[in-house]
Amino acid sequence: MYKAKALIASILIILAIAFGVTLFKGGNSATNAGAILEWVISFGFTFYLLTFYVDLRQAKGVHKGELHGVAMAQNGYGYGYR
């Protein structure tokens, strides 16, 4: 999931640079292109936030301290702390 976040963030950064260029370029067509880029960036940011939902839904139903290293080692799920 980190690769998806990195890909979305990279695309959004490139689009933000393009948006900044259209702001300073001026003209009616540049203003229209800037408005379109602004909407594309906002929808892209929405998808970026949805990637956090995918990451955090795995923690649903896990109680506090259940994923701690010592508890994991006692349950046979890893090495724990040594």
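Is threonine 51 buried or exposed? Keep in mind as you look that this is a predicted model. Threonine 51 sits in helix H2, and its relative accessibility is just 6%, so it counts as buried, the cut-off for that being under 20%.

Let's see what surrounds it. Leaving aside residues up to four places away in sequence, threonine 51 touches Met1, Lys5 and Ile8. Its side chain also reaches back to its own neighbourhood, coming to 2.4 Å from the backbone oxygen of tyrosine 48.

One of those contacts, Lys5, is worth following. Lysine 5 pairs up with aspartate 55 in a salt bridge, and their closest N and O atoms are 2.6 Å apart. How many salt bridges does the count come to? The answer is one. Lysine 5 belongs to helix H1, which covers residues 2-25, while aspartate 55 belongs to helix H2, covering residues 28-56, so this pair ties together parts that are 50 residues apart in sequence. The two partners aren't equally hidden, though: lysine 5 is buried, at 11% relative accessible area, whereas aspartate 55 is partly exposed, at 24%.

Now step back to a longer stretch of the chain. The UniProt record, in an unreviewed entry, places a "transmembrane region" at residues 36-54. In the model, that span is 100% helix and 0% strand, and its end C-alpha atoms lie 28 Å apart. Threonine 51, where we started, is in helix H2, and so is aspartate 55, the salt-bridge partner of lysine 5.

Definitions and conventions. Residues numbered from 1 in each chain as written. Predicted model: local features only at pLDDT ≥ 70, side-chain atom pairs only at ≥ 80, totals over all residues. Heavy atoms only, no water. UniProt positions renumbered as here; feature names shortened; annotations may be inferred. Helix = DSSP H or I, 4+ residues; strand = E, 2+ residues; numbered from the N terminus. Salt bridge = Lys/Arg side-chain N within 4 Å of Asp/Glu carboxyl O. Buried < 20%, exposed > 50% of the residue type's maximum accessible area, 1.4 Å probe, protein only. Polar contact = N/O pair within 3.5 Å; in protein donor to acceptor, adjacent residues only side chain to side chain. Contact = heavy atoms within 4.5 Å.
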